[in-house]
Amino acid sequence: MLKHDVENARSIYSQIMHTDSNICHNLHVFLLALSGEQQNLISALEAAIGSTVSKFVKKVSFAHEVMAVVRESMENNSELQGECEDICEMLQKSGQITALSLDEMLCHTPAGRKPLNPLLDQRKISRRTLQPLRSTLLSE
């Protein structure tokens, strides 16, 4: 990947307003790996390890593609490569490395909390009397 492409990706990433999602963490780690900032990459991965976090707190999950790029970027530095492998192993054991690709994470559409058809979600009983609502439309 060209240095110009990495700079463009960084400028686009800096415009994201909510950076606490899984995809943003993946993009951040991906950009660090591509730009060669190995020390920052190690610290970002260490911050994602959720060993001290409660099991009820949602942990950051990484795409297997991103972790492959991280491992490739660490091949040049033998002292950080061992540390990176340990971190990747801990992430794998805690279930934070998913089988999803980066494209699948980007294309994922979360299910909304709103009902798709508001007519189906109408009240069927009165809030005051707790009796069934009577409607001429329902009886027809």
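**Stop 1: the whole chain**

Colour the protein chain by secondary structure, and you will find seven helices and two strands. Keep in mind that this is a predicted model. Starting at the N terminus, the elements follow the order α-α-α-β-α-α-β-α-α. Try walking along the chain with that pattern beside you.

Now switch on the surface. The protein chain exposes about 10,700 Å², and carbon and sulfur atoms supply 54% of that area. Of the 140 residues in the chain, 26% are buried.

How much of the contact in this chain joins residues 24 or more positions apart? Among contacts with a separation of 6 or more, such pairs account for 66%.

**Stop 2: the nonpolar core**

Hide the surface and select V29, L41, L45, F62, M67, V70 and L91. These residues touch the most other members of the largest nonpolar core, which has 28 residues. Which elements supply at least two residues each? They are α2 (22–35), α3 (38–48), β1 (62–63), α4, α5 (78–93) and α6 (102–107). The largest share comes from α2, with six residues. As background, nonpolar side chains in soluble globular proteins tend to be buried together.

Next, centre the view on L45. Leaving out residues up to four places away in sequence, L45 touches V29, F62, M67, V70, I87 and L91. Show those side chains as sticks and turn the view around them.

**Stop 3: helix α5**

Select residues 78–93, the helix α5. Does its length agree with what we expect for a helix, or disagree? With 16 residues at 1.5 Å a residue, α5 should span 22 Å, and its end C-alpha atoms lie 23 Å apart, so the two values agree.

Now colour L80, C84, I87, C88 and L91, the buried residues of α5. Look straight down the axis: these buried residues fall within an arc of 100°, so they line one face of the helix. A general rule helps here: an α-helix has 3.6 residues a turn, so residues three or four places apart point the same way.

Turn to the other side of α5, where S78, E79 and K93 are exposed. Then go back to the buried side and ask what covers it. The cover includes α3, β1, α4 and β2 (97–98).

Before you leave, click on G95, which follows α5 and has a positive phi, near 75°.

**Stop 4: helix α4 and a buried serine**

Select residues 64–73 to pick out α4. Which of its residues are buried? They are V66, M67, V69, V70 and S73. Seen down the axis of α4, they fall within an arc of 160°, so they too line one face of their helix. The buried residues of α4 pack against α2, α3, β1, α5, β2 and α6.

Zoom in on S73. Is it buried or exposed? Its relative accessibility is 15%, and buried means under 20%, so S73 counts as buried. Draw a distance from the side chain of S73 to the backbone oxygen of V70, and you should get 2.8 Å. Apart from neighbours within four places in sequence, S73 is in contact with A33, Q38 and L41.

**Stop 5: an exposed alanine in α3**

Move to A47, found in helix α3. A47 has a relative accessible area of 64%, and exposed means over 50%, so this alanine is exposed. Now add V60 to the selection: A47 and V60 are 13 residues apart in sequence, and their C-alpha atoms are 9.6 Å apart in space.

**Stop 6: the loop between α6 and α7**

Finish in the loop that holds K124, between α6 and α7. K124 is exposed, with a relative accessible area of 59%. Leaving aside residues up to four places away in sequence, K124 touches Q131, P132 and L133. Where does R134 lie relative to K124? The two are ten residues apart in sequence, with 8.6 Å between their C-alpha atoms.

The last residue to click is L130, found in the loop between α6 and α7 (136–139). L130 is exposed, with a relative accessible area of 59%. Its phi is near 60°, a positive value in a residue other than glycine. For context, most residues other than glycine have a negative phi.

Conventions: Residues numbered from 1 in each chain as written. Predicted model: local features only at pLDDT ≥ 70, side-chain atom pairs only at ≥ 80, totals over all residues. Heavy atoms only, no water. Helix = DSSP H or I, 4+ residues; strand = E, 2+ residues; numbered from the N terminus. Buried < 20%, exposed > 50% of the residue type's maximum accessible area, 1.4 Å probe, protein only. Polar contact = N/O pair within 3.5 Å; in protein donor to acceptor, adjacent residues only side chain to side chain. Contact = heavy atoms within 4.5 Å. Core = buried A, V, L, I, M, F, W, Y, C linked by side-chain atoms within 4.5 Å. Areas by Shrake-Rupley, 256 points an atom, 1.4 Å probe, with all protein chains shown as cover. Expected span 1.5 Å × (residues − 1). Arc of directions from axis to C-beta.
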